[in-house]
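Welcome to the tour! Keep your viewer open and get ready to select residues as we go.

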Amino acid sequence: MAGEWEHIRVSTSPDTAAQNITSPLTVGDIDAAIERISHVIDATPLQWSERLSSLTGANVYLKREDLQVVRSYKLRGAYNLMAQLDAAERAAGVVTASAGNHAQGVAFACRTMEITGRIYVPSNTPKQKRDRIRAHGGEFVELILTGETYDAAAAAAADDVRRTGATMVAPFDDARTAAGQGTIAAEILAQLGSAPDSVLVPVGGGGCIAGIATYLHAHAPRAAIVGVEPTGAASMTAALVAGGPVTLTEIDPFVDGASVKRVGDLPYAVVSALGAEVVTHTSLGQADRSSTIRLDPETFVMTNLDEGALCTAMLELYQNEGIIAEPAGALSVAALGNITFEPGSTVVCLISGGNNDVSRYGEILERSLVNLGLKHYFLVDFPQEPGALRRFLDEVLGPEDDITLFEYVKRNNRETGAALVGIELGKAEGLGELLERMEQSRMQVERLEPGSPAYRYLT
């Protein structure tokens, strides 16, 4: 069944009316940031993508912030904030919390400016990011692992600031940070030589989308802006629907660079002031492209994307363009298939970061296969008799199908033994025939639905 897109028009309550008139972030802030950080950051390439242009019918350009000196855009905001500290603040040192990328920007700035810093990161931060934080900061930074989410690390960092009087270098909820991220938009306009028709931006805490949207609103007002969140951590979407930032009770930390339980107050104020509208997919199908968002000029929408589709985009970027994007870094490209663009229009996707640990590719491939409808899991009760597995292979498995997981526990006091079986199909359309053959077999088979408690527990 085709999926449907639901547009949620966010109304303005009396309490939020004032912030919807003026934004707390100005173009002047971003212009000043350009002058302040231009000697430190790289003007990253804006690359035309033949493959993505062919797939969409638009001219798709990739803004390669994964090629920034710390392999993400986060240096822009961190350096812009720290460059404005006075002598006393520098002497007191800085503190920050991060899922990994902002921490690298702060570490680089600490070493460059010779400012001591303490950096709090979740305990599940990929090792690759932890190693790079230490490498960029050297003797000037102390890395502290705490909690399982960015929000837990942020709470520990805030407590540090209260105890020590150090300066917080906020990863997104500070006008100085957001202004630094907004310099990306200035580079895009300069590199294109004209205004784009659409710009797609990954969204976590909201600082980057706040800065980019502010600059485009002033210098390319007809450009459509799309903010893309992971479905498992759609905190800006929740804020816009609720009329203010809310704390999500649970998030999926897989997209570590964009998984926060609560967006910043300042980014929310900017995004809501610019009239962002929430667009959500109400029926997520496997690789469903039959229903898409249609963008009009001057629109600003927030949408979210299933983590499995994101993994597919990561693998395609690696296999086709040779781009190593981390999960958050590929959000904008992954959203292309959910949007209908005017033929020949100019579309820019921000590749926000490339700090991906190679050890994660097993999980990335797994999530992608499930998203594409190629990987399925079943609980199978095998008869406790010789040849049962052989009959399953001969009678149930298709010629293009493959067993990728088989966990069997024999129980001597039962006539059957349960096995967890993972099957990778040759093509997604073969699922129906596989289920029919299972129905006709003598074995009791239960399909594990993705997202169900049993699926999460067993796989």
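Is T183 buried or exposed? Select T183 and turn on the surface: T183 counts as buried, because its relative accessibility is 3%, and the cut-off for buried is under 20%. Keep in mind as you look around that this is a predicted model.

**Stop 1: T183 and its surroundings**

T183 sits in helix α8. Now show the residues around T183. Leaving out residues up to four places away in sequence, T183 touches I30, A33, I34, I37 and R76. Zoom in on R76 in that group: the side chains of T183 and R76 make a polar contact at 2.9 Å. Next, add E35 to your selection. In sequence, T183 and E35 are 148 residues apart, yet their C-alpha atoms are 9.8 Å apart in space.

**Stop 2: T214 in helix α9**

Move on to helix α9, residues 207–219, where you will find T214. T214 is buried, since its relative accessible area is 7% and buried means under 20%. Which backbone oxygen lies 2.7 Å from a polar atom of the T214 side chain? Select A210, for the oxygen belongs to the backbone of that residue.

Now widen the view. Apart from neighbours within four places in sequence, T214 is in contact with S23, L25, T26, V27, I30, V270 and L274. You have met I30 before, as one of the residues that T183 touches. For a longer view, select R360 as well: T214 and R360 are 146 residues apart in sequence, and 35 Å separates their C-alpha atoms.

**Stop 3: the nonpolar cores**

In soluble globular proteins, nonpolar side chains tend to be buried together. Let us look for that here. The largest nonpolar core has 40 residues. Select I212, L216, M236 and L240, the residues with the most contacts inside this core. Then colour the elements that give two or more residues to the core: α1 (27–37), α8 (175–192), β8 (198–202), α9, α10 (235–242), α11 (265–273), β12 (300–305) and β14 (346–351).

Pick L216 for a closer look. Not counting residues up to four places away in sequence, L216 touches A185, L189, V199, P221 and I225. There is also a second, separate core, made of 39 residues, and A330, L331, F341 and V347 are among them.

**Stop 4: two more buried residues**

Go to strand β12 and select T303. T303 counts as buried, with a relative accessibility of 4%. A polar atom of the T303 side chain lies 2.9 Å from the backbone oxygen of V279.

Next, find S332 in helix α13, residues 331–334. How buried is S332 by relative accessible area? The value is 0%, so S332 is buried. The S332 side chain reaches the backbone oxygen of L350 at 2.8 Å. Setting aside neighbours within four places in sequence, S332 is in contact with L200, V201, P202, V228, C349, L350 and I351.

**Stop 5: where two helices cross**

Show helix α12 (residues 307–321) together with helix α14 (residues 361–371). Their axes come within 7 Å and cross at roughly 115°. The crossing of α12 and α14 is left-handed. To see who makes the contact, select E307, G308, A309, C311, T312, M314 and L315 on α12, then Y361, I364, L365, R367, S368 and N371 on α14. Coloured by class, the contact shows 7 nonpolar, 4 polar and 2 charged residues.

**Stop 6: out in the loops**

Finish in the loops. Select R71, in the loop between β3 (59–64) and α3 (74–82). R71 has a positive phi of about 60° although it is not a glycine. With 31% relative accessibility, R71 counts as partly exposed.

E114 lies in the loop between α5 (101–113) and β5 (117–121). E114, also not a glycine, has a positive phi of about 60°. Is E114 buried or exposed? At 61% relative accessibility, E114 counts as exposed.

For the last selection, go to E250 in the loop between α10 and α11. E250 counts as exposed, at 67% relative accessibility. Add V69 and draw a line between the two C-alpha atoms: E250 and V69 are 33 Å apart in space and 181 residues apart in sequence.

Technical notes. Residues numbered from 1 in each chain as written. Predicted model: local features only at pLDDT ≥ 70, side-chain atom pairs only at ≥ 80, totals over all residues. Heavy atoms only, no water. Axes fitted to C-alpha atoms, helices over the stretch in contact; angles between N-to-C directions. Helix = DSSP H or I, 4+ residues; strand = E, 2+ residues; numbered from the N terminus. Left-handed = near helix turned anticlockwise from the far one by under 90°. Contact = heavy atoms within 4.5 Å. Nonpolar A, V, L, I, M, F, W, Y, C, P; charged D, E, K, R; others polar. Buried < 20%, exposed > 50% of the residue type's maximum accessible area, 1.4 Å probe, protein only. Polar contact = N/O pair within 3.5 Å; in protein donor to acceptor, adjacent residues only side chain to side chain. Core = buried A, V, L, I, M, F, W, Y, C linked by side-chain atoms within 4.5 Å.
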